[in-house]
Amino acid sequence: MLIEVKDLVKEYSVGIFNKSVVKAVDEVNFCVQQGETLGLVGESGCGKSTVARLLLMLIQPTSGSVRFEGQELTGMSQAALLKFRREMQIVFQQPQQSLHPRMKIAESLAEPLQLYKLVKSKAEEKVRVRQLLDEVGLSEEHLERYPHELSGGQAQRVAIARVLALKPKFIVADEPTSMLDVSVQAQILSLIKKLQQEHTIGMLFISHDLEVVQAVSDRVAVMYQGKLVETGSKQQIFMEPRHSYTKYLTSTILEMPTSLIRDDLA
Amino acid sequence: MWRFIFKRLAATILVVVAASILTFGILHLTPGTTPVTILKYAFIGLEEIPTDAEITEITARYKLSDPLYKQYYRWIKQAVQGNLGDSYVYRVPVAELIRLRFPATALLAALSVALSLLIAIPLGILCAVKRNSFFDHLGRISALFAVSMPSFWLAYLLIISFSLGFDLFPVAGFRSVPSLVLPCVTLAAGMGAVTMRIMRSSMLDVMSQDYILTARAKGLYETGVVSKHALKNAFLPVVTVVGLQFGHMLGGSVIVETVFAWPGIGKLLIDSIFAKDIPMVQGCILLIAMTYALVNLLVDLSYALMDPRIRYGRES
Amino acid sequence: MDTTIAVDKSYKKGVVRFVKQDKLLVYSAAVVLIIILIALMAPLIMPHDPTAVSLTEKVNPPSFQYPCGTDPLGRCVLSRIIQGTRTSLVAAAIIVAISGTGGVLLGLISGYKGGLVDSLIMRLVDVLLAFPSIILAMALVVSMGPGLGSVIIALTLVHWTGYARLVRAEVLTLKQSEFVEAARAMGNSSVRILFKYILPNVIAPVIVMASLDIAQIVLSMASLSFLGLGAQPPDAEWGAMINQGREFIRTAPHVTLFPGLALMVTILAFSLLGDSLRDYFDPRLREGYIE
Amino acid sequence: MVTMQASSPLLSIRALSTYFQVKETVVKAVDEVSLDIYPQEVLALVGETGCGKSVLALSILRLLPKNSQSEGSIRYKGLEILEASEEELRKMRGKEIGMIPQSQATSLNPLLKVGWQVMEVLQLHKKVGKLEAQESVVNLFSRLQLPDPAKRMNYYPHQLSGGMRQRVLVSMGVACKPNLILVDEPTKGLDAVLRKEVVNLLGEQAAENSSSMMLITHDFSVAAVLADRIAVMYAGEIVEMGSSSGILAKPRHPYTQSLIDSLPGRGFKPIPGFSPSLSLLPPGCRFQPRCRVACPKCASLHPEITETGVNHYVRCLYADRS
């Protein structure tokens with residue numbers, strides 16, 4: 001088992017005088033196998049992104065357990081976590097904002113290589129950076145640019161390349177396409193899918209969009225107000241949803257009028 | 001809303017208490033509070049050498065041998081009741097003198113604030129609406145000069161050109177309405193310039209917001225867009241700055257009152273500093289800090305009145 | 001709205017365009033540079049000894065020999081202004097360097113660590129900001145005794161709060177930003193994140209603040225000296241010089257006019273530099289965004 | 001659906017170009033666009049971020065910033081908008097042509113009650129009293145299924161959820177029953193649940209009112225659900241325009257085909273490459289570097305838009321090939 005999450009809870013206290021507790025994540029259980037994609041779907045504010053940050057120990061859970069290849073990650077010191085950071089990576093929602101605004105693309109891509117001493121020389125670093133760039137479909141002209149000089153889709157490719165540099169076993173993709181145009185979304189999704197298959201990466205794919213989740217996931221978990229209400233295979237969730245909320249979500253897919261379907265597809 | 005007021009009020013009181021400790025602390029770590037200095041400055045004269053008896057007497061009279069926290073406690077306990085101790089130099093209660101001098105400063109400050117806002121706000125709005133016009137450039141350049149002009153120098157420029165050159169306004173003192181003009185203008189210039197600049201940039205910022213586009217798309221007259229939709233939003237940051245500027249003005253009043261021999265708190269403070277009249281200095285600074293805290297409280301409250309996002313929380 | 005249109009930049013013409021677009025920045029930087037040069041070369045360019053008293057040439061009007069006239073003690077006003085440039089700038093540089101570094105560090109710690117450290121630092125800031133800055137500086141100067149040294153210490157103690165607040169606010173925003181989260185996920189250590197990811201992004205607003213602060217400090221210093229709390233005779237300082245000319249405004253206005261002019265030009269130059277730097281650093285204005 | 005060619009167009013745009021002056025460069029955000037909107041039809045303008053579709057909408061209302069300039073002709077009911085006086089424009093905005101702005105989070109004035117903000121547009125154009133306006137707004141709110149409408153009138157924008165704010169913006173756009181409503185990216189940044197809600201809402205508006213709608217979106221599926229006709233924009237130009245059924249069933253332009261194929265429901269096939277910057281356009285056909293059927297001729301010849309079928313226009317040298 002690559003990732004195993006048991007009874008994960010994250011509480012936040014709100015208010016200054018009369019404190020009340022909000023459960024952003026409430027007893028969540030799931031697991032991700034090697035090379036598998038688990039889709040996590042739910043409305044904005046349901047706690048999906050909190051789960052992402054909990055998995056990577058960017059925030060500490062209130063209780064529960066997160067295991068990576070059998071190793072318990074909760075309660076581990078920051079120093080001890082560094083060993084696992086390389087293997088577990090994340091792609092964020094806002095591509096431009098997930099890159100250091102004052103670092104050129106070349107520097108952003110070289111950083112993980114230097115951090116884990118994955119290259120032995122400057123020359124090797126250069127070769128590897130080019131290789132990464134190539135893998136995500138960018139060209140050398142992008143190397144000397146700053147993040148704000150890229151389009152959203154291009155920036156997201158850089159973020160993906162930076163994650164690939166570490167050759168991780170597990171990636172969390174937190175709404176990687178929700179800020180992008182539909183056409184760019186297709187580019188990014190097919191890129192993620194392709195790379196995942198090439199490198200056998202396990203993935204937690206978070207999205208509010210059922211269609212997107214359907215396109216990339218093997219299994220799907222549905223989240224509502226901090227709880228997982230239904231988990232199942234892609235076929236089961238889309239063909240025979242059991243929970244009423246899942247049914248509601250499937251009804252929000254925009255159905256194109258059948259009369260308008262292209263001849264060759266009908 | 002009540003909770004907000006309560007919270008701000010509590011914070012203000014805390015800050016004032018802390019400020020009183022700080023004031024007391026700073027002033028009592030000084031050579032000014034040794035019996036010898038007090039004797040020399042306030043009783044026997046600078047050239048005299050105090051006798052041991054005199055030193056003992058002064059130490060006893062002002063309880064100077066007590067530890068600092070005891071002295072502070074005594075002072076603050078009386079201060080709460082309106083008694084700030086006796087002036088070393090004038091031998092009368094500090095509170096009494098402050099009461100006498102406060103109206104002059106309050107008058108000067110109030111008039112200057114009114115004057116600066118009256119000029120700065122319409123000017124800031126106009127400059128923003130007529131952005132990059134000749135008027136805008138002129139307004140910005142004059143504001144820049146006004147900001148950069150030290151008040152004491154501006155005061156002399158005004159004196160040279162208006163009092164000496166034309167003999168229009170009295171140079172010093174507080175005797176009549178004309179004598180108010182030069183000190184007011186001096187104090188108002190800096191504050192007005194800062195307010196104008198903030199008003200302008202805040203207005204420009206607001207005018208580029210999405211909801212202004214919405215308002216225009218409704219078919220409002222441009223004046224309606226500005227007056228009904230932009231102004232209120234643009235005022236928010238200005239309110240905060242006006243509060244801060246008021247603090248600058250309290251500081252500036254020390255200088256302006258010195259230049260124009262204006263019988264206010266500022267002049268009293270500076271005179272007391274040179275006379276090593278520590279109780280007096282302490283009282284003046286505490287009063288200034290309190291006034292400033294009160295103004296900031298009012299600013300916060302009016303901010304809340306203007307902004308529903310503070311007045312009402314989010315509906316969950 | 002998709003009205004943001006990326007504009008391709010030609011880097012070759014960068015310098016020319018820079019001068020053309022940021023006229024104000026270039027001009028104000030040039031004036032600041034001149035002021036700094038005057039301060040550095042003060043002894044070389046002074047026409048007279050700024051402390052040389054001449055009882056026969058008291059309050060002389062401007063002449064060939066004394067371009068700005070002489071003061072009530074017969075000293076060359078121009079030489080004293082040049083000497084005063086050095087006094088003001090050196091003092092301001094010391095104050096900004098110490099209070100800026102201290103404030104930035106405290107702000108970084110406060111924002112990044114949070115918790116008790118943050119509360120302590122911020123409450124201290126609140127209390128210091130409870131006074132109008134010049135009043136607090138006056139109290140401190142009174143406590144230490146009048147003099148330039150006291151003024152420098154007092155203004156340093158007062159001015160760090162601005163940097164601490166600014167940096168803390170920036171750090172709090174940056175800490176939440178995705179690129180810092182990404183850096184953490186990447187396995188960067190806290191120290192590295194603080195210095196490589198956060199610090200470079202707060203430098204720009206700090207530089208802007210420092211430039212505006214120098215203007216403010218020069219003014220505060222002159223104000224304190226004018227009141228007699230700062231530079232003591234025979235030191236040349238603009239505020240003190242204006243004070244010395246007080247009684248002669250009727251007969252010899254030049255004694256107050258010229259040092260005031262120097263003061264104003266300095267404040268103006270540093271304020272303008274700060275303003276145009278702010279515009280320069282603001283990506284919204286720098287990029288080809290349509291307003 | 002109505003047959004639109006029966007009547008004369010409500011809005012007629014001919015060779016409209018809109019330029020922006022950014023520092024020293026001039027950028028053409030809208031390039032010689034011609035289109036008509038007929039009474040009661042929904043026209044969707046589909047394109048990717050930065051293709052100029054929002055600029056086109058704001059050109060119609062003449063609400064673009066001062067560093068822009070429009071050329072060509074926009075005729076609305078006999079009024080030439082590009083030459084209209086400020087007063088004529090003002091009377092047109094909100095009353096004749098309504099707008100539903102893009103972002104619900106920032107398009108409402110945070111300091112004013114939402115009810116007041118909707119009443120304002122009524123009082124401006126309908127010469128109604130305060131009470132009457134109030135009543136109309138309550139009616140509008142309840143028709144748009146805003147819960148507890150009378151109470152919601154007195155709420156400030158931050159007290160409403162995103163979906164409710166969207167409803168307020170819609171009610172503002174339709175309050176004066178304008179003949180044409182411009183809807184700017186109504187689903188951008190919304191999650192799937194809210195997107196569905198907004199699409200339903202707009203669908204009801206289009207069905208209920210007798211007004212025409214110009215829908216600006218990057219999402220072909222939104223356009224497919226709502227629009228009668230679709231115009232596809234790429235790099236400032238219209239590349240294909242026709243009836244929804246025609247375009248979805250038989251897209252002629254390779255860009256339209258790719259765009260449809262990139263939809264989640266249509267196989268997620270990505271378009272290679274990136275949209276060009278408007279200041280650095282490729283030679284010849286603007287889509288040519290990314291086109292799967294491009295040939296050398298495409299790189300040298302800029303195609304004109306031509307009618308390939310009944311009211312179906314395509315800008316491609318090989319429009320009749322597919």
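Student: What makes strand 10 and strand 12 of chain D count as paired?

Tutor: Two bridges join strand 10 (residues 237–243) to strand 12 (residues 312–314) of chain D, and the two run antiparallel. Pairing asks for at least two bridges, so this pair meets the requirement. Keep in mind that we are looking at a predicted model. As an example from this pair, Met241(D) has Tyr313(D) in strand 12 of chain D as its bridge partner.

Student: What packs on the sheet there, touching strand 10 of chain D?

Tutor: That is helix 10 (residues 254–261) of chain D, which touches strand 3, strand 9 (229–234) and strand 10 of chain D. The direction of helix 10 makes about 105° with that of strand 9 of chain D.

Student: Why are strand 6 and strand 11 of chain D called edge strands?

Tutor: Start with the strand order of the open sheet, 6-7-8-3-9-10-12-11 in chain D, eight strands with mixed pairing. Strand 6 (97–100) and strand 11 (306–309) of chain D each pair on one side only, and they are the edge strands. On average, neighbouring strands of this sheet are turned by 25° against each other, direction ignored.

Student: Which strands of chain D does helix 7 lie across?

Tutor: Helix 7 (residues 192–208) lies across strand 3 (42–46), strand 6, strand 7 (180–184) and strand 8 (212–217) of chain D. Its angle to strand 8 of chain D is about 155°. Angles run from 0 to 180 degrees between N-to-C directions, so a value of about 155° points to directions that are largely opposed.

Student: How many strands form the open sheet of chain A, and in what order?

Tutor: Six strands, in the order 6-7-8-3-9-10, with mixed pairing. The edges are strand 6 (88–91) and strand 10 (227–233) of chain A, each pairing on one side only. Here the average turn between neighbouring strands is 15°, direction ignored.

Student: How do you know that strand 3 and strand 8 of chain A pair?

Tutor: Five bridges join strand 3 (residues 37–41) to strand 8 (residues 202–207) of chain A, and these strands run parallel. At least two bridges are needed, so five are enough. One bridge in this pair links Val41(A) to its partner Ser207(A) in strand 8 of chain A.

Student: What makes Arg197(B) and Asp275(C) a salt bridge?

Tutor: Their side chains meet with an N to O distance of 2.6 Å. The cut-off is 4 Å between a side-chain nitrogen of Lys or Arg and a carboxyl oxygen of Asp or Glu, so the pair qualifies. The count between chain B and chain C is one salt bridge, and there are five residue pairs in polar contact. Helix 10 (222–259) of chain B gives the most to the side that touches chain C, with eight residues.

Student: How do you know that the side of chain B touching chain C is mainly nonpolar?

Tutor: Its residues divide into 31 nonpolar, seven polar and three charged. Altogether, 41 residues of chain B are in contact with 42 residues of chain C. The two chains bury about 3,700 Å² between them, 81% of it on carbon and sulfur atoms. Phe152(B), Trp153(B) and Tyr156(B) lose the most area in chain B, together 18% of what that side buries.

Student: Why are Arg278(C) and Asp275(C) separated by about one helical turn?

Tutor: Because they are three residues apart in helix 11 (residues 254–281) of chain C. Their side chains meet at 3.5 Å, N to O, which is within the 4 Å cut-off and therefore counts as a salt bridge. Over all chains, the whole structure has 49 salt bridges.

Student: How many helices and strands does chain B have?

Tutor: Chain B has 13 helices and zero strands. Its C-alpha trace spans about 85 × 65 × 30 Å along the principal axes.

Student: What kind of peptide bond joins Pro233(C) and Pro234(C)?

Tutor: A cis peptide bond, with omega at about 10°. Pro234(C) is in the loop between helix 9 (190–226) and helix 10 (238–244) of chain C.

Student: What is the phi of Glu175(A)?

Tutor: About 45°, a positive value although Glu175(A) is not a glycine. Glu175(A) sits in the loop between strand 7 (170–174) and helix 6 (182–199) of chain A.

Notes
Residues numbered from 1 in each chain as written. Chains lettered and ligands numbered in written order. Predicted model: local features only at pLDDT ≥ 70, side-chain atom pairs only at ≥ 80, totals over all residues. Heavy atoms only, no water. Helix = DSSP H or I, 4+ residues; strand = E, 2+ residues; numbered from the N terminus. Contact = heavy atoms within 4.5 Å. Buried area = accessible area lost by both parts, 1.4 Å probe. Polar contact = N/O pair within 3.5 Å; in protein donor to acceptor, adjacent residues only side chain to side chain. Nonpolar A, V, L, I, M, F, W, Y, C, P; charged D, E, K, R; others polar.
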